[in-house]
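Student: Could we work through this model together, starting from its overall build and ending with individual residues?

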Amino acid sequence: MPYNKGQRVEYRDEENRMQEGQIQRAEGSGDKAKYAIKNEQTQRVDQVTERQIQRPLQ
């Protein structure tokens, strides 16, 4: 499922912990898709792959 800039998602960070954030940038598609997600708790931007995104949020 492709995700879009501005969308809120639940994802796993590099330490495999569940996080929530908003997509700041999306590039590529399919298995090569990469996303920059601003973590709502830490305000840091995490670089993740589509596989790390668990689900979209409202």
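Tutor: What follows is a set of questions and answers on a predicted model.

Student: Which elements does the protein contain, and in what order do they run from the N terminus on?

Tutor: The assignment for this predicted model gives 0 helices and 5 strands. Read from the N terminus on, the elements of the protein therefore run β-β-β-β-β.

Student: What radius of gyration does the protein have, and what would a compact globule have?

Tutor: For 58 residues, a compact globule would be expected to have a radius of gyration near 10 Å, and the protein agrees with that expectation. The C-alpha atoms fill a box of roughly 25 × 20 × 20 Å along the principal axes, and the radius of gyration of the protein is 10 Å.

Student: In what order do the strands form the sheet?

Tutor: The pairings can be taken in turn: S3 and S4 pair in the antiparallel sense over 5 bridges, 6 bridges join S2 (residues 18-27) to S3, and 3 bridges join S1 (residues 8-12) to S5. Neighbouring strands in this sheet are turned by 45 degrees against each other on average, direction ignored. The sheet is open and its pairing antiparallel, with the 5 strands in the order S4-S3-S2-S1-S5.

Student: Why is one side of strand S4 and of strand S5 left without a neighbour in the sheet, and where do these strands stand?

Tutor: Each of these two strands has a single partner strand, so one side of each is left without a neighbour in the sheet. Strand S4 (45-49) and strand S5 (53-56) thus stand at the edges.

Student: Which residue in the hairpin of S2 and S3 takes a positive phi?

Tutor: Within this pair of strands, Glu27 has Lys34 of S3 as its bridge partner. The hairpin has 6 residues between the strands, and the residue with a positive phi, near 80 degrees, is Gly28.

Student: And which residue takes a positive phi in the hairpin of S3 and S4?

Tutor: Here the bridge partner of Lys38 in S4 is Val45. The hairpin has 5 residues between the strands, and a positive phi near 65 degrees is found at Gln43.

Student: Which elements give two or more residues to the largest nonpolar core?

Tutor: That core has 9 residues, namely Tyr3, Val9, Tyr11, Ile23, Ala33, Tyr35, Ile37, Val48 and Ile53. Tyr3 is in contact with several of the others, including Val9, Ile23, Tyr35 and Ile53, while Tyr11 has Ile53 as its bridge partner in S5. The elements that give two or more residues to this core are S1 and S3.

Student: Is Asn39 buried or exposed, and at what relative accessibility?

Tutor: Asn39 lies in strand S3 (residues 34-39), and beyond its neighbours within four places in sequence it is in contact with Tyr11, Gln19, Glu20, Gly21, Arg44 and Asp46. Since buried means under 20% relative accessible area, Asn39 counts as buried, with a relative accessibility of 2%.

Student: How much of the accessible surface of the protein belongs to carbon and sulfur atoms?

Tutor: Buried residues make up 33% of the 58 residues in the protein. The accessible surface comes to about 4,100 Å², and the part that belongs to carbon and sulfur atoms is 42%.

Terms used: Residues are numbered from 1 along each chain as its sequence is written. This is a predicted model: local features need pLDDT of at least 70, side-chain atom pairs count only at pLDDT 80 or more; totals for chains, interfaces and linings use all residues. Side-chain values use heavy atoms; hydrogens and water are left out. Helices (H or I, at least four residues) and strands (E, at least two) are DSSP runs, numbered from the N terminus. Buried means under 20% relative accessible area, exposed over 50%, partly exposed in between (1.4 Å probe, protein chains only). Contact means heavy atoms within 4.5 Å. Two strands pair if DSSP finds at least two bridges between them. Axes are lines fitted to C-alpha atoms, for helices over the stretch in contact, and angles run from 0 to 180 degrees between N-to-C directions. A nonpolar core is a set of buried Ala, Val, Leu, Ile, Met, Phe, Trp, Tyr and Cys residues joined through side-chain atoms within 4.5 Å. The radius of gyration is taken over C-alpha atoms; the globule rule is 2.2 Å times the number of residues to the power 0.38. Accessible areas come from the Shrake-Rupley method with a 1.4 Å probe; for residues, only the protein chains shown count as cover.
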